[in-house]
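These are my notebook entries on a single protein chain. I set down what I looked up, entry by entry.

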Amino acid sequence: MKVNSIVFYVLAAISLIIIALFCLGGSEEVIYNKEKFDEPVNTSMFLFWTYALVGLVCLATIFSAGSSFFINLQKNPQNAIKTAVVFLSLIVLLLVTYLIGDGSEMAILGYEGTDNKDPFWLKVTDMCLYSTYTLLFIGALAALLGGFFKKIIKNK
C-alpha cells in the first residue's frame, strides 16, 4: 500500500470520528446577544480539524507545485515557465481582488460584536469571494470554449 493511500485513510478515519463526535456528542445551551442557542459540544474540535486540513492542503499544494516546477525546470524549461506564469497569475488575481475588496464596517442588524469591523479580514473575505467568482467564470468559459475550439481544430 502506498504512503498516499495510508495518509488518506488515516485522515478520513479521523475526520469520520470527529464528524461523529460533532453530530452525536450532544449540545450545550449558549447565550448570545441575550438569546439562547443550542451549540454542539465539539464545535471547536470540528473547526480546528477543518483548519488543520485546509492548512495541510495548502502546504501540500505549495510543496507539490514547487517540486513540480523545479523538476520541470531541469527537464523541460518551457513547461516550468508555464507553471510559473499560472502561479504568478493566481497571485495577481488574489492581489487585485484584495485591493478591490471593501474594508468598511458591515452593518448587521442585531449584531453588536467586533468581528465585522476589522478592515483586513473584511477585505480578505471579499478577496476569497471575488477570486472564487472569477475562477468559476474562467472555468465555465474554458469548459464551453475548450470544447468549441477542440471541434474546430479537429475539423481542420
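Entry 1, nonpolar patch. The model I worked from is a predicted one. I looked first at the surface and found a nonpolar patch formed by Leu90, Leu94, Leu135, Phe137, Ile138, Leu141, Leu144, Leu145, Phe148, Phe149, Ile152 and Ile153. Together these residues have about 1100 Å² of accessible area. I then asked which helices each supply at least two residues of the patch. They are α3 (77-100) and α4 (119-155). I noted that α4 gives the most, with 10 residues.

Entry 2, a patch member. I picked phenylalanine 137, which has its place in helix α4. Is phenylalanine 137 buried or exposed? I recorded a relative accessible area of 56%; the cut-off for exposed is over 50%, so phenylalanine 137 counts as exposed.

Entry 3, helix α4. I checked the length of α4, which has 37 residues. From its first C-alpha to its last it reaches 53 Å, close to the 54 Å expected at 1.5 Å a residue. I listed its buried residues as Leu122, Lys123, Val124, Asp126, Met127 and Ser131. What covers these buried residues includes α3.

Entry 4, proline 119. I found proline 119 in helix α4 as well. Its relative accessibility is 42%; since partly exposed lies between the 20% and 50% cut-offs, proline 119 counts as partly exposed. I also took its separation from tyrosine 9, which is 110 residues away along the chain. The C-alpha atoms of the two residues are separated by 40 Å.

Entry 5, helix α2. I repeated the length check on α2 (residues 43-75), a helix of 33 residues. At 1.5 Å a residue it should span 48 Å, and its end C-alpha atoms are 48 Å apart, so the two values agree. The buried residues I listed for α2 are Thr43, Trp49 and Asn72. Their cover includes α1 (3-24), β2 (35-40) and α3.

Entry 6, the salt bridge. I searched for salt bridges, and the count comes to one. Which residue does lysine 36 pair with? The partner is glutamate 29, with the closest N and O atoms 4.0 Å apart. Side chains of opposite charge can pair when their charged atoms come close. I then looked up the accessibility of each partner. Lysine 36 is exposed, with a relative accessible area of 60%. Glutamate 29 counts as exposed too, at 53% relative accessibility.

Entry 7, the whole chain. I counted four helices and two strands in the protein chain. From the N terminus on, the elements run α-β-β-α-α-α. I asked what radius of gyration the chain has, and the value is 22 Å. A compact globule of 156 residues would have one near 15 Å. The C-alpha atoms fill a box of roughly 70 × 50 × 35 Å along the principal axes.

Entry 8, burial and contacts. How much of the chain is made up of buried residues? I recorded 11% of the 156 residues. The accessible surface comes to about 12800 Å², and 72% of it belongs to carbon and sulfur atoms. Lastly, I took the contacts between residues at least 6 apart in sequence, of which 40% join residues at least 24 apart.

Definitions and conventions
Residues are numbered from 1 along each chain as its sequence is written. This is a predicted model: local features need pLDDT of at least 70, side-chain atom pairs count only at pLDDT 80 or more; totals for chains, interfaces and linings use all residues. Side-chain values use heavy atoms; hydrogens and water are left out. Patches are made of residues with over 30% relative accessible area and no salt bridge: like charges are joined within 9 Å, nonpolar side chains (Val, Leu, Ile, Met, Phe, Trp, Tyr) within 5 Å. Accessible areas come from the Shrake-Rupley method with a 1.4 Å probe; for residues, only the protein chains shown count as cover. A salt bridge is a side-chain nitrogen of Lys or Arg within 4 Å of a carboxyl oxygen of Asp or Glu. Buried means under 20% relative accessible area, exposed over 50%, partly exposed in between (1.4 Å probe, protein chains only). The expected span of a helix is 1.5 Å times one less than its number of residues. Contact means heavy atoms within 4.5 Å. The radius of gyration is taken over C-alpha atoms; the globule rule is 2.2 Å times the number of residues to the power 0.38.
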